[in-house]
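Work through the exercises below with the model open. Try each task before you read its solution.

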Amino acid sequence: MKDVINSLIRRYHQKGILIDTNILLLYFVGTVNRERITRFNRTQQFIPEDYDLLLIIISKFRKLVTTPNILTEVSNFVDKLVEPERSQCFAIFALFVQNVDMLDEYYVKSLDAVNTEKFWKFGLTDSGILTLSKGKYLVLTDDFKLANYLQSVEVDVINFNNIRVFNWK
């Protein structure tokens with residue numbers, strides 16, 4: 001498994017990695033307060049060491065790829081934090097979005113996303129991930145259902161839960 005993950009990272013190092021909503025939320029919450037990770041309902045499935053692992057993964061890519069839909073979902077979840085962490089997360093969020101050297105944001109038309117074969121199963125954001133990433137980017141998600149589907153249609157994906165279990169580094 002480690003060899004497969006390392007091979008994917010090498011293949012997409014220059015192209016970029018598309019980070020799904022929950023993993024990107026882990027990044028923001030962990031950056032503000034590592035201890036909040038286990039106490040925030042949207043990240044409580046993670047531990048502070050998962051945040052450390054995420055930082056290692058992110059450091060291996062020249063570009064992080066996202067969509068307005070992913071950023072909107074993350075923003076909505078960040079809004080559920082209490083102050084001062086809410087404002088601190090939004091400040092980091094703003095810096096993240098403004099980092100044009102590292103971040104590529106691509107708009108996927110809702111019409112294109114809803115016309116994917118599995119829109120009814122995955123919804124708008126995940127259908128946008130499928131539409132954007134196929135043949136272009138590595139996807140990092142903790143969504144088992146999405147990861148399995150992406151693999152079945154030959155989209156390169158890493159299920160974050162798998163690398164957590166294997167303690168990949």
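**Exercise 1.** Is arginine 36 buried or exposed, and at what relative accessibility?

Solution. Start with the source: this is a predicted model. Next, take the cut-off: buried means under 20% relative accessible area. Arginine 36 has 18% relative accessibility, so this residue counts as buried.

**Exercise 2.** Find the salt-bridge partner of arginine 36, and place both residues in the chain.

Solution. Step one: the partner is glutamate 85, and the closest N and O atoms are 2.5 Å apart. Step two: arginine 36 sits in the loop between H2 and H3, while glutamate 85 belongs to helix H5, residues 85–98. The two are 49 residues apart, and the pair links distant parts of the chain. Step three: glutamate 85 has a relative accessible area of 9%, so it is buried.

**Exercise 3.** Describe the salt bridge between aspartate 104 and lysine 63.

Solution. Begin with the distance: the two side chains meet at 3.5 Å, N to O. Now place them. Aspartate 104 is part of strand S3 (residues 103–105), and lysine 63 is in the loop between H3 and strand S2 (64–66). These parts are 41 residues apart in sequence, so the pair ties them together. Last, check the cover: aspartate 104 is buried, with a relative accessible area of 19%.

**Exercise 4.** Which parts of the chain does the pair of aspartate 52 and arginine 34 tie together?

Solution. First, confirm the contact: their side chains form a salt bridge at 2.4 Å, N to O. Then locate the ends. Aspartate 52 lies in helix H3 (residues 48–59), and arginine 34 in the loop between helix H2 (21–32) and H3. The pair therefore joins parts that are 18 residues apart in sequence. Finish with accessibility: aspartate 52 is partly exposed at 30%, and arginine 34 is partly exposed at 28%.

**Exercise 5.** How many salt bridges does the model have? Which residues do shared partners join into one network?

Solution. The idea behind the count is simple: side chains of opposite charge can pair when their charged atoms come close. The rule needs a side-chain nitrogen of Lys or Arg within 4 Å of a carboxyl oxygen of Asp or Glu. By this rule the count is seven. Asp79, Glu83 and Arg86 are joined into one network by salt bridges that share partners.

**Exercise 6.** Which residues form a nonpolar patch on the surface with about 230 Å² of accessible area together?

Solution. The members are Leu111, Val114 and Leu124. Take leucine 124 further: this residue is in helix H7, residues 119–133. Its relative accessibility is 31%, so leucine 124 counts as partly exposed.

Technical notes:
Residues numbered from 1 in each chain as written. Predicted model: local features only at pLDDT ≥ 70, side-chain atom pairs only at ≥ 80, totals over all residues. Heavy atoms only, no water. Patch = residues over 30% accessible without salt bridge, like charges linked within 9 Å, V, L, I, M, F, W, Y side chains within 5 Å. Areas by Shrake-Rupley, 256 points an atom, 1.4 Å probe, with all protein chains shown as cover. Helix = DSSP H or I, 4+ residues; strand = E, 2+ residues; numbered from the N terminus. Buried < 20%, exposed > 50% of the residue type's maximum accessible area, 1.4 Å probe, protein only.
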